[in-house]
Structure formats: structure tokens, C-alpha cells
Amino acid sequence: MNSFSFQNPTKIVFGSGTVSQLGKLAKPYGKSILLVYGSGSIKKTGLYDEVMNQLNAIEAKVVELSGIEPNPRLTSVNRGIELCRSEKVDLVLAVGGGSVLDAAKAIAAGALYDGDVWDFFIHKAVIRDALPLGTILTLSATGSEMNGNAVISNWETKQKRAFGSMHAYPRFSILDPTLTFTVPRDQTVNGVVDIMSHVFEQYFTLTPNAPLQERLCESILLTVIENAESALEKPNDYDARANLMLCGTMALNGGLISVGTDNDWASHGIEHEISAIYDIPHGAGLSIVFPNWMKYVYRERIDRFTQYAERVWGIERGSKSDEELALAGIEATCAFFDRIGAPAALAYYNIGREHLDTMAKEAVLFGPIGSFKQLREADVREILEMAL
Ligand code: NZQ
Ligand code: ZN
């Protein structure tokens, strides 16, 4: 195990009815609140009214920024930054899925920066401060509710880039599983794949002697697998939704489950290049990329893949060779993705070879990606080719 430091400052308030605590949580930060949300799901579900009631009760001055896109755009972030400055905003409050939360983080950081907020995403500047951020999560997937990451798309340059900063962690996040009852089937599936992928990025590591971290990862994978189909069959199944929500938060909250180990993140890098150009949902991109990444890299440390097959999918070794067992685990992953209706190939989105070269080049713009196996441009190109 490597040496490490770990800190996560986000307060989590979890459970049915917890939106009723919003006023109390928001009040200490000041009166002027920027309310950031998406294309209207929160109005349909009644959450918007509940939020406004809470904010009115503390006599907050609410400024609204709606219409945050899935795969949120830099243009929306810039609109939010202007509002923060003109309205002297004290607290940014994000109500939605990962896209809304990520946009709110970029707004909170950009509002206190004199330059172009995009600088943070292209390694031109480091975040030194940010406005306080609170969130109410409505979709289990990204872990954005308890981490300092934001992923934003610059539609002009066709780039989708991330930053990570201690200053961007939410001060508080309200996680009410009932708010996810209305998440449509395909977005629930995308969320499930995203959560599992966050675990994969940390589980497939070359770092030896980290049995607790391995078991933390395996326990999240098992819990997601056990609950995904119940949530899909019965969208109002509180326990299934609550378990998925907690898994999503624990899977990517500053690296709690993988402290002291090297993480990979190459598949996320590759997926971001696909959604940068084709604007496909992140989770769907991952269900296409990840199995192909697995097939490309499993020989680097085959015992990790045989352990995955045995412990996560319950596959018995029997007379199987390491190679056969490892491949059986990968096939079980594909079969599960297929069973829940996650796409398996780029062809699903009519994506052909047109931009494979660009995607491979952009993915390694700042150098090779991944640590389980370091990938260079040709490797990424090959994985994308396998994903066609
Ligand atoms: O816009 P609204 O109307 O809110 O509708 C959204 C959106 O259309 C809808 N939705 C959300 N909650 C709902 C709901 N519909 C009905 N009922 C509800 N309760 O779902 C659609 C997708 O929402 P989005 O926020 O885009 O999904 P997700 O949470 O999967 O976020 C994806 C974004 O997060 C980034 C991805 O790249 C992508 O841009 N990621 C962020 C990470 C992070 N901050 O740590 C890590 C991830 O790996 C990921 O890259
Ligand atoms: Zn992800």
C-alpha cells in the first residue's frame, strides 16, 4: 500500500424527507443564493417548489440559472459566473444530477477567478478559492455530491475536460433517495454503469497489498449488481434506490475506497473524448468503452481479473486457466450490462471511424493515460476500434 493523505469535507444528509433541512443548512452562508438546475425535471417532480419554500422561509434572495445541459456546457457556466458577480451571490445551490452539480462547481470556482474559467480545465490555472456550494442530488451516478470534480464541455473546441479541487467540494449535500424515483430507465442504467466504472477505475490497480480497498470496491460492485434490477423493475423501490445512491456517493468521494493505491481512469478519459464529440450520455459511453479496455489490459495483472471473476461474479475456477477465468469475469460484466440494457458498441449511436484518430490524440494530449496499463495514442485508437 502507498502512503496517502485523505480529506473529505462534505456534510451528507441522507434519507427520505431530508430536503426539509435545506433552510437550516443554507442559512449560515448568506442571503443571496444562485439556484442552478437542469431542463425542468425538478419542476415536474415538485422539488422546485419544495426548495423555494425552504429558501423563502430563510428570506433568501434567490437568483435562478436553469437549463443546464446533460454534459454541461462552458457557456452555461459563464452565464452562472456573471450572475454570481452581478448579484453578489453568497451560496451556489445545485439541484439535479451530476451535470448540474458539475456546472455549479465550475461556477463557484470561476466566480472568484479573474481569468477565463476554462483555464482550470486545461491546466493553465489552479483553483485557489470558490464560493460555497450546496447540492440536492436527484440522480445516482457521478459522486459529484461528495467530491471536488467537475466535468465541462467546451462545445466550440469540442473538448470535454475535468478539474478536481479541494475548494470545489460541496459544503453540504442532501441525498434523498425518493428524489430518484422519477429518473427514467435509461438514465438509471447509465448511473449504474457509471458507479460500477468508478469502482473499476480504482479496483484494477497494480498496487499490491491493499485487501481492504479491494473488498470495499467489491462490496460496492456487489451492492450495485444486487440492487440495479430492482430499481429498474420498480422505480419506487426505496431500498434499491437508497442503496444505489449510497453506492454512487461512496464510489467516488475523493478516493476513500482506494486510498493508498494507484488509480487508472483511462476509460473515463476515453469516454470523455467520445461524449465531447458525439454528446452521448457518460454512462452509456462507459458501458461501451470499459469491457473493451478490460479485454485490452487484463494480462497486465491477471490475478486481479481472476479475483474479480470469482468474488464479484461468483464464477468458480473449476478447471479454468487464469486466462479463461479472467475472460469469464469480463464476459459476465458484458452480460450484466446487456441484461440491464446498456449499449455495447459505438455502432449503437451510429458512431463510425470518422473521429477515432482525433479522439485518440485528444485523450493523450497531456501524456499517456492509465496506470494499470499506460495507454498511448495507438493503444487508445485500438480500444476505440474494438468498441466499434
Ligand atoms: O436536466 P433535467 O431536467 O434535470 O434532467 C436530467 C437530465 O436530462 C435527468 N434527471 C436528473 N434527475 C432526474 C432526472 N429526470 C427525472 N427525474 C430525476 N430525478 O437526467 C438527465 C441526465 O442528467 P445528468 O446530470 O447529465 O446525469 P449524470 O448524473 O449521469 O451526470 C453526467 C455528467 O457528469 C459527468 C459526466 O461526464 C456528465 O457530464 N461526470 C462527473 C463526475 C464528477 N463530477 O465526479 C464524474 C463522472 O465520471 C462523470 O464524468
Ligand atoms: Zn464516470
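For sorting residues by class, Ala, Val, Leu, Ile, Met, Phe, Trp, Tyr, Cys and Pro count as nonpolar, Asp, Glu, Lys and Arg as charged, and the others, Gly among them, as polar. Keep in mind that every view here comes from a predicted model.

**View 1. Here are the surroundings of ligand 1, a shell of 34 residues.**
Sorted by class, that shell holds 23 polar residues, nine nonpolar ones and just two charged ones. If you want to pick out the closest residues, look for Gly-38, Ser-41, Pro-70, Gly-97 and Gly-98. Two or more shell residues come from each of helix H5 (98-110), strand E6 (149-154), helix H6 (185-203) and helix H10 (282-297).

**View 2. Now see how ligand 1 sits relative to domain 1 and domain 2.**
The domain assignment splits the protein into domain 1, residues 11-179, and domain 2, residues 185-386. Both domains give residues to the shell around ligand 1, so the ligand lies between them.

**View 3. This one shows where domain 1 and domain 2 touch.**
Their C-alpha centres are 27 Å apart. Domain 1 brings 22 residues to the contact, and domain 2 brings 26. On the domain 1 side, strands E6 and E7 (159-164) each chip in at least two residues. That side is made up of eleven polar, eight nonpolar and three charged residues.

**View 4. Zoom in on two helices packed together, H6 and H7 (residues 211-233).**
Their axes are 9 Å apart and make an angle of about 170°. Angles over 145 degrees count as roughly antiparallel, and H6 and H7 are therefore roughly antiparallel to each other. From H6, the residues that meet H7 include Val-192, Ile-195, Met-196 and Val-199. Among the H7 residues on the other side of this contact are Ile-220, Leu-221, Val-224 and Ala-228. Counting by class gives twelve nonpolar residues, two polar and two charged in the contact of H6 with H7.

**View 5. Last up are two stretches that carry domain names in UniProt, residues 9-177 and residues 188-387.**
An unreviewed UniProt entry lists residues 9-177 as "Alcohol dehydrogenase iron-type/glycerol dehydrogenase GldA". This stretch is 27% helix and 25% strand, and its end C-alpha atoms are 22 Å apart. For residues 188-387, the unreviewed entry gives the name "Fe-containing alcohol dehydrogenase-like C-terminal". Here the chain is 66% helix and 0% strand, with 22 Å between the end C-alpha atoms.

How values were computed: Residues numbered from 1 in each chain as written. Chains lettered and ligands numbered in written order. Predicted model: local features only at pLDDT ≥ 70, side-chain atom pairs only at ≥ 80, totals over all residues. Near = placed C-beta within 6 Å. Helix = DSSP H or I, 4+ residues; strand = E, 2+ residues; numbered from the N terminus. Domains from an automatic or database assignment. Contact = placed C-beta atoms within 7 Å. UniProt positions renumbered as here; feature names shortened; annotations may be inferred. Axes fitted to C-alpha atoms, helices over the stretch in contact; angles between N-to-C directions. Parallel < 35°, antiparallel > 145°, perpendicular 65-115°, else oblique.
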